[in-house]
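Got the viewer open? Here's a short tour, one selection at a time.

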Amino acid sequence: MKKAGFDILIVGIGGQGTILASNILGEACLIEKRHVQGAETHGMAQRGGSVESHIRIDGKYGPLIAQGTADLLISFDLLEALRYSHYLKQDGTIVTNSHLVLPTSVFMQNLEAPREDAIIGSLKKHRLCLLDAEQIARDAGNPLSVNVVMLGAASRLMPLKPESLLEAVRRSVPKKTIDVNVKAFEAGQAAGNTCT
Amino acid sequence: MEQRYLLGNEAIAHGCLESPVDFVTGYPGTPSSEVIDVLRSQKERSYYIEWSVNEKVALENALAAAWCGIRALCTMKHVGLNVAADPLMTSAYTGVTGGLVIMSADDPFAHSSQNEQDSRCYAHFAKLPCLDPSTIQEAHDMVRDAFPLSEELGLPVIFRPTTRICHSKGDVRLGNIISSARKAEFKKDPRQYVVIPAHTRILHKKLNEKQSAVKKRLVELGYNTCSVRGKKLIVASGIAASYVQEILPDTVSVMKIGAYPIDESWLKEAVRKHESVLVIEELAPEIEEQVRQVAGNMPVHGKKDGYVPYEGELSLPVVAGIMVKAGVLKKNPYPDAVPVPNLPVRPPILCAGCLHRAMFYAIKRVYKDAIYPSDIGCYTLGLQLGVVDTTICMGASITVASGIAKSGEPHDVICTIGDSTFLHTGIPGLMNAVYNGADMTVVILDNRITAMTGHQPNPNTGLTACGLESIPVSLEAICRACGVTFVETVDPYDITGTMEILKQAKSRKGVKVIIAKQLCVITARRAGIKRGRYMVDPDTCTACGTCIKFGCPAIERTAEEKAVINDLCSGCGVCARLCPAGAIVREVKR
């Protein structure tokens, strides 16, 4: 079946700002006068748990992306990229933060901690763009803007104009943080252009 | 007209502002909470708004306002409607003069709930009209129009979005916000508002007589439609209708149900134009049962013959699979995608520095082999710490505890309940336990806020929904007034002192209450309260694992099995008090 729109799944850990990232993409769609649908995790599941935001650009019907059909997976955590990688279509792309937060379950239940190189190995089955978003965010002036760095890095893979995305960043973040978030977006963009 | 990218609940709140609404009540519950959160944070308000103590209280307040001729909204999650069921059932008899919209948000798949009940069944049971949106735009338009509909029919209207409407986002066309000029006036009419037997028998008859006019009106308004395109018919409602639309072949007819009760003659006529019917709806077979009644000998597929699941939520691939099985679609266009196996799970956990974790730790140390009934709130996550043995519904920790204590079960019983849940439905159970002489301990986890649903204030917070100061209730005084003589307040961060009080409670008979008081770490952070962070001195750490077992997300284990504290530390200091080696110390500012 031919898909009409472009489906983006953003994943991470509750508190990392997936909801703001989804708001920015939605705003960019409005700027370009395109339909957009999305779905996200609220409530109890947000407390440090694994969270997901679906964004369907040009989506007119349901808000959920079917597994195996996402065009783009953006992950704010390396382990979460692997957890959701089955959502990606065969020739889809993963853009992920290289940083990994070990789930508390590893310590509490004495599970084997997943190794970063093994995760990266598994992710390489797909087109992969790996970047140290923490470092890029810190260099851009705010360690909390990892979410905006990640959007910047993935922006060239989206069917949205960079200027729409940048304007959406300005409209969606708190006023006091516009400058630092614009910097974070641009730094992410630069990193995204060079990552393989 | 404005176009915005909004959360379903934001769009619903906006629809209420366009109506406009005059009076808003509700009790927080996922996925419904953001509607009032949006309405209470509006800069200019021409309406009254409150967070009520529970859903029954909320509905009775809203009903009274609607009796005064103004427009009222009452919001809750599906299980809240159980609490409000008493006024709900009879509100259909009394009817309303001002529009009353009862939003009961359902949660298929129980993303954040204790069950998967279907509010449409309540509408059916109460003989009230019910609106069931399939998109965010529809949710916005429906709730806006539900107020005048309620006035026209003289009945409360149940508005039933699901999680995938409330917590989805989309581009929504919005209308203008208007401020209300309605004046409340209660016109005395005992035959309508005093439901003594002589009155209520007549009211019941009138309600029944109204039903066929209600059904006809809902068809006229275009909430239920059928587009005939072939011999096969798919009937769908709610978000399932959106999934069907996305993959529907051109030669298949589609009927969309957006409002109940469904007019049987309309339904029969539309269904009988086809040779077979497939009914796709989430949760209860509410539509399917009616379709089966009018379909005659025609084959009907749905839940009752195993085509559609009764439980969980639907999705594009699941709906496609159902359509393939029913012969409507040739093959499922969605691939079988399998998640990577054996990854360590990342469930939601209590925050670093959460008072609940400290209190649970102390409880487990002092009451080793006890039974631990608990309740609905963030602290249900204490399940991961082995200190939650039961949850059933709001307020039931105390009643389950007294039931177990009275059953003859020999173990100690100590239950946990949050401040908001205690005020919601906990107090009658406490009174009952004291009155009937149970031996048990109640721990009220008092973080002064309704945290799990997004930090809504409650009567214990000292603030109203609009941020005005209010007199906070005294949990101590309430417990004493219920007849409890052992009422102690502890700071759970002081783990030694807390354990001492727990030991005292354990040695006594009767109902004992311990109030564990500490701000929610999230509200404390927002209020600008800063505590210094802690760190582990690697030379002193003996890698004993005591702090790791505490389960705080701020404490990680290094490759050498030693502990290390990460950026999530909020400075509660509990781990420092637990460390037998004294290796955890306040971080020194460099």
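**Stop 1: a helix in chain A**

Start with α1(A), residues 18-31: its 14 residues reach 20 Å from first C-alpha to last, close to the 20 Å expected at 1.5 Å a residue. Keep in mind that this is a predicted model. Colour by burial and 11 of the 14 residues of α1(A) come up as buried, so the helix is largely enclosed by the rest of the structure. Those to highlight are A:T18, A:I19, A:A21, A:S22, A:N23, A:I24, A:L25, A:G26, A:E27, A:A28 and A:C29. Now step past the end of the helix to A:K33, which follows α1(A) and has a positive phi, near 55 degrees.

**Stop 2: where A touches B**

Show both chains. Here 48 residues of chain A are in contact with 46 residues of chain B. On the chain A side, the elements giving two or more residues are α1 (18-31), β2 (36-40), α2 (78-83) and α3 (104-108). The helix you just looked at, α1(A), gives the most to that side, with 6 residues. By type, the chain A side divides into 22 nonpolar, 22 polar and 4 charged residues.

Next, select β2(A) together with β8(B), residues 168-174. These strands pair in the antiparallel sense over 3 bridges. To find your place, look for A:A39, which stands opposite B:S168.

Which loop holds A:G49? It's the one between β2 and β3 (50-57) of chain A. With 18 C-beta neighbours inside 10 Å, A:G49 counts as partly exposed. Leaving aside neighbours within four places in sequence, A:G49 is in contact with A:G14, B:R346, B:P347 and B:P348. Try a distance label too: the C-alpha atoms of A:G49 and A:G15 are separated by 8.8 Å, though these residues are 34 apart along the chain.

**Stop 3: into chain B**

Select α1(B), residues 8-18. Why call this helix largely enclosed by the rest of the structure? Because 10 of its 11 residues are buried. The buried ones are B:G8, B:N9, B:E10, B:A11, B:I12, B:A13, B:H14, B:G15, B:C16 and B:L17. Bring up what they pack against: β1 (2-7), α2 (34-40), β4 (72-77), α7 (136-153), α8 (163-166) and β8 of chain B. You've met that last strand already, as the partner of β2(A).

**Stop 4: the largest nonpolar core**

This core has 245 residues, and those touching the most other members are A:I8, A:V149, A:M150, B:A62, B:I280, B:V319 and B:V442. Helix α15(B), residues 355-366, gives the most to this core, with 8 residues. Zoom in on B:A62: not counting residues up to four places away in sequence, B:A62 touches B:F23, B:T25, B:A72, B:L73, B:C74 and B:L100.

**Stop 5: an open sheet**

Still in chain B, pick out 5 strands in the order β9-β11-β10-β13-β14, which form an open sheet with mixed pairing. At the edges stand β9 (224-227) and β14 (300-301), each with a single partner strand, so one side of each is left without a neighbour in the sheet. For β14(B), look at β13(B), residues 276-280: 2 bridges join them, and they run parallel. B:V277 stands opposite B:V300 there.

**Last stop: colour by confidence**

Chain A averages a pLDDT of 93, with 96% of the residues scoring at least 70. Within chain A, confidence is lowest in α3(A), at a mean of 84, and highest in β4(A), residues 70-75, at 98.

Key
Residues numbered from 1 in each chain as written. Chains lettered and ligands numbered in written order. Predicted model: local features only at pLDDT ≥ 70, side-chain atom pairs only at ≥ 80, totals over all residues. Contact = placed C-beta atoms within 7 Å. Helix = DSSP H or I, 4+ residues; strand = E, 2+ residues; numbered from the N terminus. Nonpolar A, V, L, I, M, F, W, Y, C, P; charged D, E, K, R; others polar. Pairing = 2+ DSSP bridges. Core = buried A, V, L, I, M, F, W, Y, C linked by C-beta atoms within 7 Å. Buried ≥ 20, exposed ≤ 12 C-beta atoms within 10 Å, placed from the backbone. pLDDT = per-residue confidence, 0-100. Expected span 1.5 Å × (residues − 1).
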